Amino acid sequence: MPQIDTVVRSRQVATPDGVEPASVGVSAGSIVSVGDYRAPCTAQQDLDLGDTALLPGGVDVDAAVQAPGQELLEGYAATAATAVRAGVTTLVVSGPALPALTGEAGLRAHSTAAVETRARV
């Protein structure tokens, strides 16, 4: 088992199997394990979020993905590439997109709408 600096527990963790109680082990700023909620763990810090939802690796960057003069799709590509290099597994696009975009289907619909809007202008 890898050395774990911090374990974060929640009764609502988004995992590949769905939302369930789990513990997330973090070492040197990276997720190193996702396991049973009650699993004993020797870590420097053990944080229990209770019912607060946890999406391991997900970050709401709360930042624009489009620079002035940049095409929207170019902005998404550049932002996604930067996020992947930083170890982020999920981006949430909020702002004019309501509800927030959290999946591929929503991103595709938003991108298509942006292209269609630009074509009409």
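What follows is a short chat about the strands, the core and two loop residues of a predicted model.

Reader: New to this one. What does the secondary structure of the protein chain come to?

Author: Two helices and six strands. Keep in mind that this is a predicted model.

Reader: In which order do the elements run from the N terminus on?

Author: The order is β-β-β-β-β-α-β-α.

Reader: What is the mean pLDDT of the chain?

Author: The mean pLDDT is 79. Of the residues, 77% reach 70 or more.

Reader: Where is confidence lowest, and where is it highest?

Author: The low point is strand S5, residues 58-59, with a mean of 66. The high point is S4, at 93.

Reader: On to the sheet. Which strands form it, and in what order?

Author: Four strands form an open sheet, ordered S3-S2-S1-S4. The pairing is mixed.

Reader: Which strands stand at the edges?

Author: S3, residues 30-35, and S4. Each has a single partner strand, so one side of each is left without a neighbour in the sheet.

Reader: And by how much are neighbouring strands turned against each other?

Author: By 25° on average, with direction ignored.

Reader: Take S1 and S4. Parallel or antiparallel?

Author: Parallel. S1 covers residues 4-15, S4 covers residues 43-48, and five bridges pair them.

Reader: Which residue in S4 is the bridge partner of Ile4?

Author: Ala43 is the partner of Ile4. Further along, Arg9 stands opposite Asp48 in S4.

Reader: Now S1 and S2. How many bridges join them?

Author: Eight bridges. S2 spans residues 18-27, and the two strands run antiparallel. A hairpin of two residues links S1 to S2.

Reader: Which residue in S2 stands opposite Val8?

Author: Val24 does. On the S3 side, Val24 stands opposite Val34.

Reader: How do S2 and S3 run, parallel or antiparallel?

Author: They run antiparallel, with five bridges between them. They also form a hairpin, again with a short link: two residues lie between the strands.

Reader: What is special about Ala28 in that turn?

Author: Ala28 has a positive phi of about 50°, although Ala28 is not a glycine. Its place is the loop between S2 and S3.

Reader: Is Ala28 buried or exposed?

Author: Exposed. Its relative accessible area is 71%, and over 50% counts as exposed.

Reader: Switching to the inside. Which residues make up the largest nonpolar core?

Author: Five residues: Val8, Val13, Ala22, Val24 and Leu54.

Reader: Which elements give two or more residues to this core?

Author: S1 and S2 do.

Reader: What about Leu54? Which residues does Leu54 touch?

Author: Leaving out residues up to four places away in sequence, Leu54 touches Val8, Ser10, Gln12, Val13, Ala14, Val24 and Leu49. Val8, Val13 and Val24 are core members too.

Reader: Leu55 comes next. Where does Leu55 lie?

Author: In the loop between S4 and S5.

Reader: Why does Leu55 count as partly exposed?

Author: Because its relative accessibility is 40%. That value falls between the limits of 20% for buried and 50% for exposed.

Reader: What does Leu55 touch?

Author: Ala14 and Thr90, with residues up to four places away in sequence left out.

Reader: What separates the C-alpha atoms of Leu55 and Val24?

Author: They are separated by 9.8 Å. Along the chain, the two residues are 31 residues apart.

Reader: Back to the whole chain. How much of the protein chain counts as buried?

Author: Of its 121 residues, 23% count as buried.

Reader: And how much area does the chain expose?

Author: About 8000 Å². Carbon and sulfur atoms supply 58% of that area.

Reader: Last one. What share of the contacts with a separation of 6 or more comes from residues 24 or more positions apart?

Author: Such residues account for 54% of those contacts.

Conventions: Residues numbered from 1 in each chain as written. Predicted model: local features only at pLDDT ≥ 70, side-chain atom pairs only at ≥ 80, totals over all residues. Heavy atoms only, no water. Pairing = 2+ DSSP bridges. Core = buried A, V, L, I, M, F, W, Y, C linked by side-chain atoms within 4.5 Å. Buried < 20%, exposed > 50% of the residue type's maximum accessible area, 1.4 Å probe, protein only. Contact = heavy atoms within 4.5 Å. Axes fitted to C-alpha atoms, helices over the stretch in contact; angles between N-to-C directions. Areas by Shrake-Rupley, 256 points an atom, 1.4 Å probe, with all protein chains shown as cover. pLDDT = per-residue confidence, 0-100.
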